[in-house]
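Subject: Structure handover and notes

Dear colleague,

As agreed, I am handing over the structure, which you will find just below. My notes on what was found in it follow, and I have tried to keep them to what can be read from the coordinates.

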Amino acid sequence: MADLLSHEELMLRLEIEDFLYMEADLLDEHRYEEWLDLLTHDVRYHAPMKRNVSSKEMDKELTREAVEMSWFDEGKDTLEKRVAQIRTGVHWAEEPLSRVTHFVSNVRLLDSGSDKVGAGEIRVKSRFLVHRNRLEDEDNTWIGNRIDTLRRVDGEWKISRREIYLDQNVLLSKNLTNFF
Amino acid sequence: MVQLTSEMKRLVDSESGTVSREIFWNQDLYDQEMEQVFNRSWLFVGHESQIPNAGDYILGRMGEEAVIVSRGRDEKVHVFLNSCRHRGNRVCRYDQGNSFTHVCSFHGWTYDATGALVALPYHENGYDLMDKSQWGLLQARVEVFHGSIWATWDKSAPSFHEYLGGSDFYLATGLMHTDGSDNGAEVLGGVVKWRLGCNWKVPCPDTDTTHGWITHRSTALALGVGATGNPVRPREDRSISVGQTRSRYTVSFPEGHTMGVTIPEEGDPGWEESGTWNERPAVREYLREKFEERKKRLGLMAHLSVGPAIFPNEGWLGRVVRIMHPQGPAMTEIWTYFFVDKDAPQEVKTELANYYELYYGPGGVTQQDDMENWYALTIASKGPVAQKLDLNYQMRLSEPPLHGPTEFGMPGLFAHNYSDENHRRYYQRWAEVMQAKDWGEMAPTKAAAAKDDWMKNGNGR
Ligand code: FES
Ligand SMILES: [Fe+2]
């Protein structure tokens, strides 16, 4: 059984959870510019695809970052462009804006221990359920997990890396216009 | 050539440039398409680079049905239906792998990498009278064209070369190495697949040149580049396609293949003003270097820029191949293959993958907006009132293809870059194939046979 969490670790987890929920609020309230501010300048935002492979070859399940294709492989520059595109008012796939809700749960600090409290970087795993409802009756749900690396910059948490693992093989939606 | 019935002419009227919305919604027409179009045409099922070694396999699709694309011990590519001959179970459940046997998970009928039935439980005593050779997985005819793998169920279909009707000249350019040498391309790992609520034909005919400025306006505004990352040109240059310095035409073939073609002219592509490549200098310098070799190999032909859509459901965008797989009248599964030069430095491949991810596929800044429109036109065409209204494909209807095939010494029927000629040609061919009883009836009138002159005049080399 895992050691009991120390008070500091618990407080850190609460702080991180709060950060992730606040982030979800920014996305769901279409406050994309403020959301961009939560990302470090060198952020990597990567969503590999998942292949159906033999259970003995699970190492081949995920498409490899920078070598194979992925749903997303973004840096801050391209994420900024995506936000700018939404703001043009003629990005038809998001005009009018979709109604999006992010559920974030199962938040757990990875490789955390008392020594990690106060560290400059921390990895956190969470589950997401993202719901998009659009125009009258278009409705999509994406479920999966994320592994984030958070970095403390000037006393504030920022996301320096987000790995998005979507539980789909053939994407069951017509496009991906929102952030995870 | 088949004479279209009045009912078929009501659906597709090339003379008046109209198409009935029914062909995108009607279930009976859809069922007929599966038989007449998908069971008889040559279909793209993958690329050799995806299965380099004996025993390698990937899944592909032919119409609604799954096929296994496999390299046998004989090193040849085999394509067979992924449906067990015993009780119909799916035999292979993986997207890719390496195996010389495919064991059905129901009763264990076992097929080899060529699709032949090689073992089955209780064979002795149980199936004494059965001739195993008759019970292999259903084989498709296969042809490999510059590494790309094509298959058809139709034994009476013409060869793939004949099926291309002269467009092989263009198709080959996309499958080459950037330096113009043959078989130098590979598919990046990860075929991007997604479902889109529209009829499979909607994204098929190339080129819808007039949609870009409005559909992709947000890409131009936010990214300062055109739909594929090329620089946005001022309005007065409209007769020249966005991002192109040379004249571009809509080119079609009676066989239903459609594409945009840029007339080759001396002079280098504007590497310096190449929009997105300036943000990816490793790619820009790589392309610049390889283009010099391409010119040495191909002469003027090196400058040819083209993305052919091969009838019925294959389309190119740059070095990206999209296949529109039908999934019912109003649902399509798009599979996208992204090509790079096999021997390109990893840095170049990575930047290209990154470029593809930004512009193409369901997350692509460009394609997101295409999908929005394709889906919305499907919804808005569904009602009984809308269904009775024909769609308009009349742009430059009064102009016969501007230049016959001989004008540029290149195959195909050339029309103005901004014209619906490709759509008219595509749907005319669709109507012919839907109605024709056999390939004799389907034989198109030959109008595009000038390739030889072009090559003979020394332009090709
Ligand atoms: S269905 Fe395949 S072995 Fe019976
Ligand atoms: Fe488009």
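To begin with a single pair in chain B, the side chains of B:R396 and B:E399 meet in a salt bridge, with 3.2 Å from N to O. Please bear in mind, here and throughout, that this is a predicted model. B:R396 is partly exposed because its relative accessible area is 30%, a value that lies between the 20% under which a residue counts as buried and the 50% over which a residue counts as exposed. B:E399, at 28% relative accessibility, likewise counts as partly exposed.

A second pair in chain B lies in a helix: B:E432 forms a salt bridge with B:R429, and the closest N and O atoms are 3.0 Å apart. These two residues are three apart in helix α12 of chain B, which spans residues 421-435, so about one helical turn separates B:E432 from B:R429. Both B:E432 and B:R429 are buried. Elsewhere, salt bridges with shared partners join A:R132, A:R134, A:E138, A:K174 and B:E372 into one network. Over all chains, the structure holds 40 salt bridges.

Turning to chain A, six strands form an open sheet with mixed pairing, in the order β2-β1-β6-β5-β4-β3. The edges of this sheet are β2 (70-74) and β3 (99-110) of chain A, each of which pairs on one side only. On average, and with direction ignored, neighbouring strands are turned by 20° against each other. As general background, the strands of a sheet pair through backbone hydrogen bonds, in either a parallel or an antiparallel manner. Within this sheet, strand β1 (residues 39-48) of chain A runs parallel to strand β6 (residues 156-166) of chain A, and four bridges join the two; A:L39, for instance, has A:I159 in β6(A) as its bridge partner. Helix α1 of chain A, residues 7-28, lies across β3, β4 (121-134), β5 (138-153) and β6 of chain A, and runs at about 165° to β3(A).

The sheet also carries a salt bridge of its own, in which the side chains of A:R162 and A:D148 meet at 2.7 Å, N to O. This pair links distant parts of the chain, since A:R162 belongs to strand β6 of chain A and A:D148 to strand β5 of chain A, 14 residues apart. A:R162 and A:D148 are both buried.

Finally, how much area is buried between chain A and chain B? The value is about 3,400 Å², of which carbon and sulfur atoms give 56%. On the side of chain A, the residues that lose the most area to chain B are A:M69, A:W92 and A:K174, which together account for 21% of what that side buries. The contact takes 40 residues from chain A and 39 residues from chain B. Between the two chains, 26 residue pairs are in polar contact, counting pairs with both residues at pLDDT 80 or more. β2 and α3 (76-87) of chain A each supply at least two residues of the side of chain A that touches chain B. The count of salt bridges between chain A and chain B is three. B:E372 forms a salt bridge with A:R134, with the closest N and O atoms 3.1 Å apart.

With kind regards

How values were computed:
Residues numbered from 1 in each chain as written. Chains lettered and ligands numbered in written order. Predicted model: local features only at pLDDT ≥ 70, side-chain atom pairs only at ≥ 80, totals over all residues. Heavy atoms only, no water. Pairing = 2+ DSSP bridges. Axes fitted to C-alpha atoms, helices over the stretch in contact; angles between N-to-C directions. Contact = heavy atoms within 4.5 Å. Salt bridge = Lys/Arg side-chain N within 4 Å of Asp/Glu carboxyl O. Buried < 20%, exposed > 50% of the residue type's maximum accessible area, 1.4 Å probe, protein only. Buried area = accessible area lost by both parts, 1.4 Å probe. Polar contact = N/O pair within 3.5 Å; in protein donor to acceptor, adjacent residues only side chain to side chain.
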